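Notebook open, coffee at hand. Today I went looking for hollows and odd backbone spots.

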Amino acid sequence: MAIDESRSYKPIRIALLTVSDTRTAADDTSGDILAERITSAGHELVTREISRDSVEEIAAHLHRWIDDEGVDCVISTGGTGLTGRDVTPEALDRVKSKDIPGFGELFRWLSYKTIGTSTIQSRACAVLARGTYIFALPGSNGAVKDGWDMILAEQLDSRNRPCNFVELMPRLRER
């Protein structure tokens with residue numbers, strides 16, 4: 001990271017959603033990894049929930065958090081694959097204002113270094129929805145680590161140079 005120590009750190013408020021028909025709070029290891037990294041970075045984990053693999057249910061969680069002024073960003077894990085039950089990107093399509101295509105592109109490029117061509121099976125993506133960032137990561141522990149450690153940790157740090165997502169937050173709702 002290119003951290004500018006002369007700048008102040010601004011923690012943001014993050015909601016965490018695990019998308020799975022089978023995981024529970026007791027065995028949500030990818031959610032545990034993200035929760036630990038979010039709080040260790042100094043951000044506030046405002047809520048953590050689990051949703052079934054349902055476009056309607058995922059979108060309902062997202063709409064609620066998008067409209068909550070206490071949530072700056074949503075990170076989800078799971079539901080980004082190719083199977084019939086993988087519907088997280090479709091749920092993001094229902095709530096988005098703008099796509100952030102570089103996130104998925106960069107994720108797959110970085111993931112290629114770890115899992116090779118299997119990365120093409122990932123539909124990791126990101127959107128902006130009414131001023132709230134939403135990042136959808138795959139559900140594997142490795143993918144969550146790659147997404148946080150190699151992209152989100154830097155882009156959600158207000159001191160990262162030459163630019164970062166945090167410094168754009170005051171302008172996301174402008175017309």
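A pocket, on a 1 Å grid over the protein atoms alone, is an open set of points where a 1.4 Å probe fits, with protein on both sides within 12 Å along at least five of seven lines; its lining residues have an atom within 4 Å of a point.

This is a predicted model, where local features need pLDDT of at least 70, side-chain atom pairs count only at pLDDT 80 or more, and totals for chains, interfaces and linings use all residues. Residues are numbered from 1 along each chain as its sequence is written, and side-chain values use heavy atoms, with hydrogens and water left out.

Entry one: second largest pocket. I found R13, D68, E69, V71, D72, G131, T132, M169, P170, L172 and R173 in its lining. I noted a volume of about 160 Å³.

Entry two: largest pocket. I read about 400 Å³ here. Its lining has 28 residues, and T80, P138, G139, S140 and A143 lie nearest the centre. The elements giving two or more residues to that lining are β1 (13–19), α4 (101–115) and α5 (141–155); α4 gives the most, four residues. Helices (H or I, at least four residues) and strands (E, at least two) are DSSP runs numbered from the N terminus.

Entry three: backbone. I saw that the R161 to P162 peptide bond is cis, with omega near 10°. P162 sits in the loop between α5 and α6 (165–168). R130, though not a glycine, has a positive phi of about 50°, and belongs to the loop between β5 (125–129) and β6 (132–137).

Is R130 buried or exposed? I logged R130 as partly exposed because its relative accessibility is 32%, between the cut-offs of under 20% for buried and over 50% for exposed (1.4 Å probe, protein chains only).

Note on methods. Grid points are joined across faces, edges and corners, and a volume is the space filled by probe spheres set on the points.
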